[in-house]
Amino acid sequence: MRNRERLQKKHGVKIGQVYTVWTATEQKETKKRIWKTRRIRILDVYENFALTETPAGVRECIQWWELKKMMEGPDDGRK
């Protein structure tokens, strides 16, 4: 239990909390990136990754560096 609390504090997340993150997809024809927002819930935290769940029930392990980038949003100035 103590390790979970340390990881939550270190990475600035809470188990059970819902966060809005940005994801990018590319169009095949124009090679243009499309940014979309999605909501994820943090289910558990581990040393190298966080276990997340979407509202549709899809569970995914996201590494901390990737989750941080997703929370920051698009790097081209759009938000």
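Visitor: How many strands form the open sheet, and in what order do they stand?

Guide: Welcome! Before we look, remember that this is a predicted model. As a general idea, the strands of a sheet pair through backbone hydrogen bonds, either parallel or antiparallel. Here four strands form an open sheet in the order 1-2-3-4, and the pairing is antiparallel.

Visitor: Which strands stand at the edges of the sheet?

Guide: Those are strand 1 (18-26) and strand 4 (59-63). Each has a single partner strand, so one side of each is left without a neighbour in the sheet. You can also follow the twist, which averages 50° from one strand to the next.

Visitor: Over how many bridges do strand 2 and strand 3 pair?

Guide: Strand 2 (residues 33-45) and strand 3 (residues 49-53) pair over four bridges, in the antiparallel sense. To find your way around this pairing, look for I42, which stands opposite T52 in strand 3.

Visitor: What lies across the strands?

Guide: That is helix 2, made of residues 64-72. Helix 2 lies across strand 1, strand 2, strand 3 and strand 4, and runs at about 95° to strand 4.

Visitor: Which residues make up the largest nonpolar core?

Guide: The general idea is that, in soluble globular proteins, nonpolar side chains tend to be buried together. In this model the largest nonpolar core has 12 residues, among them L7, V13, Y19, I40, I42, V45, W64 and M70. Strand 1, strand 2 and helix 2 each supply at least two residues of this core.

Visitor: Could we pick one core residue? Which residues does V45 touch?

Guide: Leaving aside residues up to four places away in sequence, V45 touches R4, L7, Q8, V13, I15 and W64.

Visitor: Now the aromatic rings. How many aromatic pairs are there?

Guide: The count comes to one aromatic pair. In general, a pair of aromatic rings is described by the distance of the centres and the angle of the planes. In this case the rings belong to Y46 and F49, with centres 5.0 Å apart and planes at 35°, so the pair is tilted. Y46 is partly exposed at 36% relative accessibility, and F49 is partly exposed too, with a relative accessible area of 29%.

Visitor: How many salt bridges does the count come to?

Guide: The count comes to four salt bridges. Let's visit some of them, beginning with D44 and R4, whose side chains meet at 3.2 Å, N to O. D44 lies in strand 2 and R4 in helix 1 (residues 2-11), so this pair ties together parts that are 40 residues apart in sequence.

Visitor: Is D44 buried or exposed?

Guide: D44 is buried, with a relative accessible area of 10%. Its partner R4 is partly exposed, at 36%.

Visitor: Which residue meets E47 in a salt bridge?

Guide: The partner is R6, at 3.1 Å from N to O. E47 sits in the loop between strand 2 and strand 3, while R6 is in helix 1, so the two tie together parts that are 41 residues apart in sequence. E47 counts as partly exposed at 41% relative accessibility, and R6 counts as partly exposed at 41%.

Visitor: And with which residue does E60 form a salt bridge?

Guide: E60 forms a salt bridge with R38, the closest N and O atoms being 3.2 Å apart. E60 lies in strand 4 and R38 in strand 2, so the pair ties together parts that are 22 residues apart in sequence. E60 is partly exposed, with a relative accessible area of 33%, and R38 counts as partly exposed at 25%.

Methods
Residues numbered from 1 in each chain as written. Predicted model: local features only at pLDDT ≥ 70, side-chain atom pairs only at ≥ 80, totals over all residues. Heavy atoms only, no water. Pairing = 2+ DSSP bridges. Axes fitted to C-alpha atoms, helices over the stretch in contact; angles between N-to-C directions. Contact = heavy atoms within 4.5 Å. Phe/Tyr/Trp six-rings, centres within 6.5 Å; stacked < 30°, edge-to-face > 60°. Buried < 20%, exposed > 50% of the residue type's maximum accessible area, 1.4 Å probe, protein only. Core = buried A, V, L, I, M, F, W, Y, C linked by side-chain atoms within 4.5 Å.
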